[in-house]
Amino acid sequence: MSGDGECTGGDLLRRALAGERAAFGALVRTHQRMVFSLALRMLRDRHAAEDLAQEVFLQLYRSLSAVSSEAHLAFWLRKVTAHRAIDRLRREPRLEMAPLEEAQLSAGEAHSRDPILERRLRSLVAQLPPAARAVMLLRYQEDLDPADIARTLRMPVNTVKSHLKRSLAELRERMTSSGALT
Amino acid sequence: MSDDRHEPESNDLERRLRAALKPVNPGEGFTAGVMARVAAEPRPARRPRSPAVVSWLAFGLAASVVLAVLLAHEWQVRRIEQGREARRQLIEALRVTDEKLNLAYRVVNSRQDAAPAQHSGA
Amino acid sequence: MKVFFPGWHWLAALMAALTASVALAAPAAMLNLPDFDALAAKATETVNISLDPALLGLAAGFLDSSNPDDAATKELIAGLKGIYVRNYTFDQDFSYPSAQVDLVRKQLAAPAWQRLVEVNNTKDHTHVQIYVAVDRGVANGLAIIASEPREFTIVNIVGAIDLAKLRRLEGKFGIPKLDLPNGKDGQAK
């Protein structure tokens with residue numbers, strides 16, 4: 001569960017709440033992949049994503065008393081990361097217009113069965129509008145169901161389902177027309 | 001979620017999406033970067049302990065002094081923890097206030113933006 | 001430097017106009033908030049904050065005046081005598097009983113309280129009311145009641161709060177700017 005010996009996530013949270021910074025560091029290591037990946041695929045810029053991810057954890061440090069459990073912690077991190085990323089995209093249109101740096105977006109290609117197709121998919125997801133992008137990432141990166149996505153993004157469930165349906169249709173069409181999918 | 005007409009294709013697409021969107025690690029110095037920023041946050045100042053002077057003749061007095069210092073230190077630490085907690089709660093309260101004022105603004109705006117045309121979506 | 005979001009001018013201006021024109025007897029700007037046990041029992045998340053003058057003073061003491069964000073927050077809360085928040089989040093749409101909420105609304109019906117804003121979105125089932133307490137032409141209290149399908153919030157601020165200053169704290173200090181575009185990316189059909 002964490003890189004901190006035999007401590008459970010709940011133990012780490014309790015210790016972090018008690019002011020133990022080492023425990024907080026372990027919490028960061030536990031959740032940094034999720035937070036960073038969400039930020040990266042939302043912002044399309046590694047530097048901006050690292051900066052945003054660090055801000056999320058700093059905010060967590062300041063607001064730790066508002067977190068009641070380990071499950072709540074994951075929800076809190078996804079929620080704040082998604083909202084901050086969407087907000088940042090609105091404030092910095094250059095992030096939307098920057099060329100996609102696919103090398104930055106790629107992951108684990110050495111172990112991928114079809115790295116080219118997966119890179120193409122990541123590229124297409126990165127081109128979706130921010131809200132739809134967030135929905136897709138929470139669904140397919142974080143494996144949340146629509147109700148949890150709705151809660152995370154403070155969005156009606158029907159809107160979430162609508163985003164998923166339209167985004168999948170768009171991805172399918174673009175992948176098919178380019179021959180990537182048959 | 002997926003269109004029934006394309007169900008096998010959607011399952012395949014969704015499977016590939018999950019594979020493509022596996023989480024990735026940030027750079028090596030990420031955690032250290034976070035902790036460096038955390039370290040810059042206000043921390044309780046440690047009150048230096050008075051060195052205990054061991055003397056058989058003044059042992060009782062020294063023990064009392066040390067005890068008083070420890071108790072005062074304990075009070076100080078607790079006070080600092082309370083202060084930090086109050087600060088956190090203050091920030092959270094301001095955040096919630098701001099969020100709900102934004103909500104009112106959004107609702108007002110959505111009524112003003114309610115246009116005849118349908119949004120076409122992504 | 002964050003662009004000052006223009007949307008709040010309407011609210012801050014409304015408060016200014018109201019307080020300039022109204023002179024009332026000393027109001028009870030602090031609401032008597034019930035336990036809301038019916039909501040708490042169903043909620044998956046509860047935020048319960050009660051910062052009285054002593055705790056506000058303590059919190060202010062832990063704001064670093066040399067840090068611009070902390071200094072701005074210190075300035076914001078300088079005139080406050082209390083901040084009280086009750087926030088409940090549910091994991092499904094919840095029609096919470098209105099009896100306890102009505103106890104609060106009854107207090108807000110007193111002459112000292114003026115309703116600034118009431119907005120209702122029947123599509124999203126969102127209802128927000130904002131009240132201000134006025135004493136001799138000065139706003140000395142704010143109350144917000146926000147009902148969403150999966151969240152219910154009451155905020156009571158006692159003392160003079162400058163909403164423009166609160167707005168300027170957005171994006172800083174862990175207070176994210178959360179006003180997502182509404183309907184821009186398409187609504188459910």
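## Two unusual loop residues and a helix pair

A:Asp143 is exposed, since only 12 or fewer neighbours are allowed for that label and 10 other C-beta atoms lie within 10 Å of A:Asp143. Keep in mind as you read that this is a predicted model.

Where in the chain is A:Asp143? A:Asp143 lies in the loop between helix H8 (130-140) and helix H9 (146-153) of chain A. Most residues other than glycine have a negative phi, yet the phi of A:Asp143 is positive although this residue is not a glycine. A:Arg154 also has a positive phi without being glycine. The table puts the two side by side.

| Residue | Phi | C-beta neighbours within 10 Å | Exposure |
|---|---|---|---|
| A:Asp143 | about 60 degrees | 10 | exposed |
| A:Arg154 | near 55 degrees | 18 | partly exposed |

You can find A:Arg154 in the loop between H9 and helix H10 (157-177) of chain A.

Now for the helices. Helix H2 (residues 21-43) and helix H4 (residues 70-91) of chain A pack at an angle of about 20 degrees, with axes 10 Å apart. Angles under 35 degrees count as roughly parallel, so H2(A) and H4(A) are roughly parallel to each other. Their crossing is right-handed. The contact between H2(A) and H4(A) has eleven nonpolar, two polar and two charged residues.

Finally, look at chain B. B:Pro42 sits in the loop between helix H2 (30-39) and helix H3 (59-113) of that chain, and is partly exposed, with 14 C-beta neighbours inside 10 Å. Beyond its neighbours within four places in sequence, B:Pro42 is in contact with C:Phe62 and C:Asp64.

Notes. Residues numbered from 1 in each chain as written. Chains lettered and ligands numbered in written order. Predicted model: local features only at pLDDT ≥ 70, side-chain atom pairs only at ≥ 80, totals over all residues. Axes fitted to C-alpha atoms, helices over the stretch in contact; angles between N-to-C directions. Helix = DSSP H or I, 4+ residues; strand = E, 2+ residues; numbered from the N terminus. Parallel < 35°, antiparallel > 145°, perpendicular 65-115°, else oblique. Left-handed = near helix turned anticlockwise from the far one by under 90°. Nonpolar A, V, L, I, M, F, W, Y, C, P; charged D, E, K, R; others polar. Buried ≥ 20, exposed ≤ 12 C-beta atoms within 10 Å, placed from the backbone. Contact = placed C-beta atoms within 7 Å.
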